[in-house]
Each structure stands twice: as structure tokens, then as C-alpha cells.
Amino acid sequence: MPGERVSRLSHAVDVAAPAGVVYGLIADAERWPLYLPPNVYVERLDFDGVRERLRMWVLADQQIKSWTSDRVQDPARRRVSFRQDLIMEPAESMGGTWWVQALAPDRCRLTINHEFTAVHDRPEDVAWLERATVDFARLGLKSLRFLAERWQRLDELVLSFEEQVRIKGPAELVYGFLYEVADWPGQVPHVRRVELAEPHVGVQEVTMDLAGSDGASDTVRSVRVCFPHAGRIVHKDTVPRKLIAAHCGEFSLVPDATGLTVLSQHHVVLREKDIEQVLGAGATVQDARRRVRADLGLESLQILRLAQKHAESAVRML
């Protein structure tokens, strides 16, 4: 707006990976909850191959913020420009550009530029926006460099899987069990303690003490974004458990003519440096994949089967 000061910030990092690999990571925004620590969930609303519209939920300076962005992908120049339209408060405007510059066949520079204005140019809002933007850029660049420099091994370090249970009961009761995470201690075997905060309707900040399969315990912090009308709860660990560098997933309810299928999906990046410390000397990435797959799969099935019991028992009582 006239008279408001435009703040411009630029951050860059050199990456020991081909420019095309790095561009692929920034272009695939739906995977950002797994790739970028601040991103909780990204929903692609529209995409024609060049222009896309995204709804994002992001942890900004320890606050959950949501906005809608328009992005334009330019793979020939390896640029992605973005501009928020439904804007993150307290910004008046927010936009910028990702740019990948090839330095050599196996080396490039990744730059992110931001420009923004604050509503009424209030100094405290400008300072908050600058702090949140700097944190996002630094954490994002660090994570993208880490992943890109291991691009030939990402298939080993990243795993995705799902569990599902068939339920003959009302979707509302199943969703209610999954939503009421504060009630899980005493019901879900691996959940010892839950602290829950709901800073916004449908957004949950959860801290859980979990019992591991090896008898050890972990404290995991996560953010959950809930879509009751769609029968979905997406989640992202902001402080993941041992062996895991990044973890996000989703509970989803899929009704049909004869009942309901409930799915628990997981996407994980392994923390390779912790493998031997957790699993013992000589343990490999494959050992870590098996452990994480088994632990998360078992926990998911426990939750889904308890949701099944909760819904089907109510139906029998009626």
C-alpha cells in the first residue's frame, strides 16, 4: 500500500547436487511437509502445469499460520515465483522467488528471495515478519541441501506406507475417536501422556509421551490439521522420535455403500546418523527402515482398531 515500506530479504546456499535435482524439490510443494521443517501441510488447489494455487499451514515463529499462495513454475530457468493472496497476518503483502543456479554439473546455488509489507507498517509486525521469514528460509535451505546432496540415496532414506481397517460403523464416531487425541492415554497402549492445545479451530498442537517397542520412551510433538467434513486429519511431527528426521501423515475416512475404510498414511525421512546409536553397532539403513515401518505400522493399527471398536460397539448398543 502507498507509504508502506517494502522489506526485502535474500538467502542462499551452495548445494553439492545437480541443479535439476534441487529444482525438483522446490517444485514439488505437496511434499514440503516432509522436506521443509516449518511446513505442516500443503494442499494443491489448482495446477495447469505452470501456474498453481496452494493452501499452506506453516509453523512461523512458533505460531501456526495459514495462507493461500499462487506460484508460477519456470523449469527452463529453474525459478518458482510465489505470491500470497489470502495473506498470513500481520502481512499486507508477501511474495518472492526460488531460484536454482547451476554452478557445475553436480553443484548449484539455491536462493530464496522474499519481499513483504506489514499492515500499517507497524514496527513490531515488521520485526515479527522478518524473524519468521528468516527462520523459514534458513531451515528450508538447510533441509533442502541435506536432501539434495543425498539424492542418489533418497529412495533408501525416505519411506511411505499405509495401514487400513474396514469398519462397519458411523464415520462420525470413527472421526470423533481420532480427533479426541487427549483421550488416548489409557486407551491406546503406546500412548502414555498427551498435552493438547488448540490455538485455532481445527488446529491441534499435541505433545505425546510414547512407549517404544524396545521399552524406551519418546516424547513427540506434532501439529494436526483437522478437516471433519472431508473425514481427514493431517499431521506433522515438529519434534520427531528417534531414528526419524521428518515424519508427516494423514488419517482419512473413505465411506462406501457397505461401510467405511479408514487409512493411516505415513511419510518418513530417516535420521541416518542415529541408526547405530539406537539399533546397535553395524545396524544399517535397511534395519532402520524395518524398525520404523514396524513401529509406526503397529501403532497405526492399534489406533484404527480402537476406532473400529468404538464405532462398532456403539452401533451394537443402539
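**View 1. A side-chain to backbone polar contact between E312 and K168.** In this predicted model, a polar atom of the E312 side chain is placed 2.9 Å from the backbone nitrogen of K168. The glutamate belongs to helix α7, which spans residues 285-317, and with a relative accessible area of 18% E312 counts as buried, because the cut-off for that class is under 20%. Once the neighbours within four places in sequence are set aside, the residues in contact with E312 are R166, I167 and K168, so that K168 appears both in this list of contacts and as the partner whose backbone nitrogen faces the polar side-chain atom.

**View 2. The buried side of helix α5.** Helix α5 comprises residues 171-179, and its buried residues are V174, Y175, F177 and L178. Around the helix axis these four residues cover an arc of only 160°, and they therefore lie on the same side of α5.

**View 3. Strands β5 and β6 and the hairpin between them.** Strand β5, made of residues 79-86, pairs with strand β6, made of residues 91-104, in the antiparallel sense, and 5 bridges are found between the two. The connection from β5 to β6 is a hairpin of 4 residues. Within this pairing, R83 stands opposite G95, a residue of β6. In a regular strand, side chains alternate between the two faces of the sheet.

**View 4. Strands β6 and β7 and the hairpin between them.** On going from β6 to strand β7, which holds residues 107-118, the strands again run antiparallel, and here 12 bridges join them. The two strands form a hairpin with 2 residues between them, and one position that can be followed across the pairing is Q101, which stands opposite R109 in β7.

**View 5. Cysteines in a model without disulfides.** A disulfide is a covalent bond between the sulfur atoms of two cysteines, and the structure holds 0 of them. C248 is accordingly in no disulfide, and the cysteine sulfur nearest to it, that of C226, is 15 Å away; because a disulfide requires two sulfur atoms within 2.5 Å, this separation does not meet the criterion. How buried or exposed are the cysteines C108 and C248? C108 has a relative accessibility of 0% and so counts as buried, and C248, with a relative accessible area of 9%, is buried as well.

Methods
Residues numbered from 1 in each chain as written. Predicted model: local features only at pLDDT ≥ 70, side-chain atom pairs only at ≥ 80, totals over all residues. Heavy atoms only, no water. Buried < 20%, exposed > 50% of the residue type's maximum accessible area, 1.4 Å probe, protein only. Arc of directions from axis to C-beta. Polar contact = N/O pair within 3.5 Å; in protein donor to acceptor, adjacent residues only side chain to side chain. Contact = heavy atoms within 4.5 Å. Pairing = 2+ DSSP bridges.
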